[in-house]
Amino acid sequence: MSGGYGSYNPYGGQGGYQQASSIEEGNGSYEMNQVGGGYDNQPADPTSLLNKCREINDGIADIRAKREGQLAAAQNALLDSSTGKEDQVSRQTLDYVEDEINNGFRYLRDLLKKIKQTPGSGDSRVQTQVDVTSRNLRREIEQYQRAQSDFQKRLREQVRRRYEIANPDATPEELEQGVDNVLMGQEQTFQLTGSRTRQANDARQAALERSAAIRKIEQDMIELGRLYQEVAELVHQQEPAVEQINQGAEEVAGNVANANTQITHAIDSARRARKWKWYALLIIILIIAIVVGVAVGVTQANK
């Protein structure tokens with residue numbers, strides 16, 4: 001996939017996802033530098049913006065495939081692991097896949113934001129496609145959140161069972177409190193006694209790895225919620241450049257109309273002035289004629 005915004009490289013290791021993870025939300029420098037640069041305030045060809053929407057939709061399909069494939073496999077590996085070493089490796093793999101998906105959502109959010117910031121995005125065809133693309137991206141975020149929420153519930157149940165194995169003598173109240181402590185990252189040790197020491201160690205490692213995975217999911221959910229809202233709000237944002245151009249055009253049109261009105265008034269005034277000037281001249285000539293006539297009449301009468 002290619003384009004002026006930079007190739008979409010969801011699983012390239014050192015590609016767009018890792019770059020996206022190094023920036024904070026709302027940092028426009030990444031969008032300008034990584035997503036293709038400015039347009040000198042010149043409206044972009046609507047076709048090129050539509051191609052960028054298609055690029056985002058392709059990226060959404062990549063994330064969906066990763067969610068249904070690699071993420072599901074990593075989740076099942078952690079749920080099925082039975083030793084401390086397997087737990088650790090499985091959770092590291094899961095963290096990696098989750099980070100790639102989260103970075104992918106940020107990357108696509110930035111691409112969509114850049115489209116909305118590009119002069120020309122106010123075109124009706126572009127607006128319609130941006131709306132469709134936004135819905136597709138939000139739908140995939142929702143699917144990912146649902147998958148993570150279901151996985152989180154299964155992890156919580158496993159934490160409870162592992163904690164109970166590691167603390168067989170705990171009362172129901174102690175069990176509940178202990179599980180809560182583990183989930184909040186506050187439980188550092190388990191009771192390890194007798195011949196159950198190795199089994200308890202494995203259970204302890206399993207509970208800690210799963211509780212760490214749960215806390216990461218909770219943090220990811222918070223960020224995904226913000227990202228979802230940003231994507232939703234992009235649809236309703238007006239294109240700044242187009243809005244300014246329209247305002248400028250309205251001001252120019254208003255000034256031109258005002259100028260035309262003033263010119264029309266000036267022409268009318270000039271016409272009226274010329275007309276009165278002729279009237280005045282005719283009156284003066286008439287007065288002169290009357291005076292001359294009277295003078296001649298008086299002269300003749302005296303003779």
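## Asking how we know: an all-helix model

The secondary structure of this protein, a predicted model, comes to 8 helices and 0 strands.

Me: What pattern does the protein follow, read along the sequence?
Reply: Going along the sequence, you get α-α-α-α-α-α-α-α. As for burial, 36% of the 303 residues in the protein are buried.

Me: What makes F105 and Y144 an aromatic pair?
Reply: Ring centres have to lie within 6.5 Å to pair. For F105 and Y144 the distance is 5.8 Å centre to centre, so they meet the cut-off. A search of the whole structure finds 1 aromatic pair, and this is it.

Me: And why is that pair called tilted?
Reply: Look at the planes: there are 50 degrees between them. Stacked would need under 30 degrees and edge-to-face over 60, so an angle of 50 falls into the rest, called tilted.

Me: Where do the two rings sit in the chain?
Reply: F105 belongs to helix α4 (residues 84-117) and Y144 to helix α5 (residues 124-166). They are 39 residues apart, so the pair links distant parts of the chain. Both F105 and Y144 are buried.

Me: How do you know that α4 is largely enclosed by the rest of the structure?
Reply: Count the buried residues: 25 of the 34 in α4 are buried, so the helix is largely enclosed.

Me: What span does α4 reach, and what is expected?
Reply: From its first C-alpha to its last, α4 reaches 49 Å. At 1.5 Å a residue you'd expect 50 Å for its 34 residues, and the value is close to that.

Me: Why does K116 count as buried?
Reply: Buried means under 20% relative accessible area, and K116 has 2% relative accessibility, so this lysine counts as buried. K116 is in helix α4. Its C-alpha is 7.7 Å from that of Q237, with the two positions 121 residues apart in sequence terms.

Me: How about K216, buried or exposed?
Reply: K216 comes in at 17% relative accessibility, so it counts as buried; the cut-off is 20%. You'll find K216 in helix α7. The C-alpha atoms of K216 and E98 are separated by 9.4 Å, although the two residues are 118 apart along the chain.

Me: Which elements give two or more residues to the lining of the largest cavity?
Reply: Some background on the cavity to begin with. The count comes to 1 cavity of 30 Å³ or more, and about 30 Å³ of space lies in the largest cavity. The elements giving two or more residues to its lining are α4 and α7 (197-234). With 4 residues, α7 gives the most.

Me: Which residues line the largest cavity?
Reply: The lining is made of N102, F105, R106, D220, E223, L224 and L227. F105 is also a member of the aromatic pair.

Me: What makes 3 of those lining residues charged?
Reply: Asp, Glu, Lys and Arg count as charged. R106, D220 and E223 are in the lining, so the charged class has 3 residues. The rest of the lining is 3 nonpolar and 1 polar.

Me: What does UniProt place at residues 134-161?
Reply: An unreviewed UniProt entry places the feature "coiled-coil region" there. In the model, the chain over residues 134-161 is 100% helix and 0% strand. The end C-alpha atoms of that stretch are 41 Å apart.

Me: Why does V159 count as buried?
Reply: V159 has 0% relative accessibility, so it counts as buried. This valine lies in helix α5. Its C-alpha and that of A203, 44 residues apart along the chain, are separated by 8.5 Å.

Me: How do you know that I60 is buried?
Reply: The relative accessible area of I60 is 2%, and the limit for buried is under 20%. I60 sits in helix α3 (residues 46-80). Its C-alpha is separated by 7.0 Å from that of E140, 80 residues apart along the chain.

Me: Which residues in α6 are buried?
Reply: L175, G178, V179, N181, V182 and L183 are buried in α6. Helix α6 (residues 172-183) has 12 residues and reaches 17 Å, close to the 16 Å expected. After α6 comes G185, with a positive phi near 80 degrees.

How values were computed: Residues are numbered from 1 along each chain as its sequence is written. This is a predicted model: local features need pLDDT of at least 70, side-chain atom pairs count only at pLDDT 80 or more; totals for chains, interfaces and linings use all residues. Side-chain values use heavy atoms; hydrogens and water are left out. Rings of Phe, Tyr and Trp (its six-membered ring) pair if their centres lie within 6.5 Å; planes under 30 degrees apart count as stacked, over 60 as edge-to-face and the rest as tilted. Buried means under 20% relative accessible area, exposed over 50%, partly exposed in between (1.4 Å probe, protein chains only). The expected span of a helix is 1.5 Å times one less than its number of residues. UniProt positions are given in the numbering used here, feature names are shortened, and annotations may be inferred rather than shown by experiment. On a 1 Å grid over the protein atoms alone, a cavity is a set of points where a 1.4 Å probe fits but cannot get out, and a pocket is an open set with protein on both sides within 12 Å along at least five of seven lines; lining residues have an atom within 4 Å of a point. Grid points are joined across faces, edges and corners, and a volume is the space filled by probe spheres set on the points.
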